[in-house]
Amino acid sequence: MTLSAPRPTSSVVARSSDVAEGGRYVVAVRDDLHIGLFRFRGRLYAYENTCPHQGGPVCQGRLVDGVRERLDAHRHSLGLAFDEDDPHIVCPWHGFEYRITTGEHPGAPRFRLRSFAVTEENGEISVAL
C-alpha cells in the first residue's frame with residue numbers, strides 16, 4: 001500500500017482588482033490562516049501572514065525597495081542604493097525583511113516566508129492550500 005500526501009486544493013481568495021500593481025492585499029482564508037498577496041511587475045506572490053522570526057503579521061508591514069551596495073570595476077564601494085528590482089516587505093514587529101519575489105530574508109536565507117502557489121483567471125485570484 002502506498003500513501004501519498006493530500007493534494008492541495010485551490011481556493012479563490014480575492015478579485016484581481018484587489019491587488020494593484022506594486023501593492024498587496026491581506027485576506028483571512030481560514031480562522032488560522034491569513035495570506036498576503038503581492039503583485040510585482042504583473043506577477044502575483046502569496047505568503048502566509050506570519051513572520052518566521054517571531055510570528056508577527058509580516059504581510060502587513062511596509063513595502064520598501066531592497067538596498068544593494070554599488071561597486072566600481074575594482075570592487076570598491078560606491079555606496080548603497082535602493083534597488084527597485086528587489087522589493088521587500090518589512091515585518092512591523094521587529095523589522096525582519098523578506099524579498100517579495102522569493103520570500104527569503106536577504107541576509108539570513110534560513111528565514112523564509114511560507115509561500116503558496118497562486119493563479120489568476122477570469123478576474124479571480126486563487127491559492128493552492
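## A three-stranded sheet and its surroundings

Strands β6 and β7 form a hairpin with six residues between them, and Gly 95 in that turn has a positive phi of about 80°. That's a handy place to start looking around this model, which is a predicted one.

The two strands of this hairpin pair in the antiparallel sense, over three bridges. If you want a landmark in the pairing, find Ile 89: its bridge partner in β7 is Tyr 98.

Now step across to the other side of β6. Here β6, which covers residues 77-90, is joined to β5 by ten bridges, and again the strands run antiparallel. Two spots help you line these strands up. Val 67 has Phe 82 in β6 as its bridge partner, and Leu 63 stands opposite Ile 89 in β6. So which residues does Ile 89 meet? On one side there's Leu 63, and in β7 there's Tyr 98.

Put together, the three strands make an open sheet in the order β5-β6-β7, with antiparallel pairing. The edge strands are β5 (62-71) and β7 (97-99), each of which pairs on one side only. Neighbouring strands of the sheet are turned against each other by 55° on average, if you ignore direction.

### Two residues with a positive phi

β5 and β6 make a hairpin too, with five residues between the strands. Look for Arg 75 in the loop between them. Phi of Arg 75 is near 65°, which is positive even though the residue isn't a glycine. Why does that catch the eye? Most residues other than glycine have a negative phi. Is Arg 75 buried or exposed? Arg 75 has a relative accessible area of 64%, so it counts as exposed.

Asn 122 is another non-glycine residue with a positive phi, near 50°. You'll find Asn 122 in the loop between β9 and β10, the latter being residues 124-128. With 72% relative accessibility, Asn 122 counts as exposed.

### Charged pairs

How many salt bridges are there by the rule used here? The count comes to eight. As background, side chains of opposite charge can pair when their charged atoms come close. Here are some of the pairs, with the distance from N to O:

| Pair | N to O distance |
|---|---|
| Arg 30 and Asp 32 | 3.0 Å |
| Glu 120 and Arg 39 | 3.0 Å |
| Arg 99 and Asp 86 | 3.1 Å |

Take Arg 30 and Asp 32, which form a salt bridge. Arg 30 is partly exposed because its relative accessibility is 43%. Asp 32, at 57%, counts as exposed.

The salt bridge between Glu 120 and Arg 39 has its closest atoms at 3.0 Å, N to O. This pair links distant parts of the chain: Glu 120 sits in strand β9 (residues 118-121) and Arg 39 in strand β3 (residues 33-40), 81 residues apart. What about their surroundings? Glu 120 is partly exposed, at 36% relative accessibility. Arg 39 is buried, since its relative accessible area is 11% and the cut-off for buried is under 20%.

The Arg 99 and Asp 86 salt bridge brings you back to the sheet, with the closest N and O atoms 3.1 Å apart. Arg 99 belongs to strand β7 and Asp 86 to strand β6, and the pair, 13 residues apart, links distant parts of the chain. Arg 99 is partly exposed with a relative accessible area of 23%, whereas Asp 86 is buried at 12%.

### A nonpolar patch

Which residues make the nonpolar surface patch of about 370 Å²? They are Val 67, Leu 80 and Phe 82. You've already met some of these names: Val 67 lies in strand β5, and its bridge partner in β6 is Phe 82.

### What the record says

Finally, there's an annotation to set beside the model. UniProt, in an unreviewed entry, places the feature "domain: Rieske" at residues 11-127. In the model, that span is 0% helix and 54% strand. The end C-alpha atoms of residues 11-127 lie 6 Å apart.

Conventions:
Residues are numbered from 1 along each chain as its sequence is written. This is a predicted model: local features need pLDDT of at least 70, side-chain atom pairs count only at pLDDT 80 or more; totals for chains, interfaces and linings use all residues. Side-chain values use heavy atoms; hydrogens and water are left out. Two strands pair if DSSP finds at least two bridges between them. Helices (H or I, at least four residues) and strands (E, at least two) are DSSP runs, numbered from the N terminus. Axes are lines fitted to C-alpha atoms, for helices over the stretch in contact, and angles run from 0 to 180 degrees between N-to-C directions. A salt bridge is a side-chain nitrogen of Lys or Arg within 4 Å of a carboxyl oxygen of Asp or Glu. Buried means under 20% relative accessible area, exposed over 50%, partly exposed in between (1.4 Å probe, protein chains only). UniProt positions are given in the numbering used here, feature names are shortened, and annotations may be inferred rather than shown by experiment. Patches are made of residues with over 30% relative accessible area and no salt bridge: like charges are joined within 9 Å, nonpolar side chains (Val, Leu, Ile, Met, Phe, Trp, Tyr) within 5 Å. Accessible areas come from the Shrake-Rupley method with a 1.4 Å probe; for residues, only the protein chains shown count as cover.
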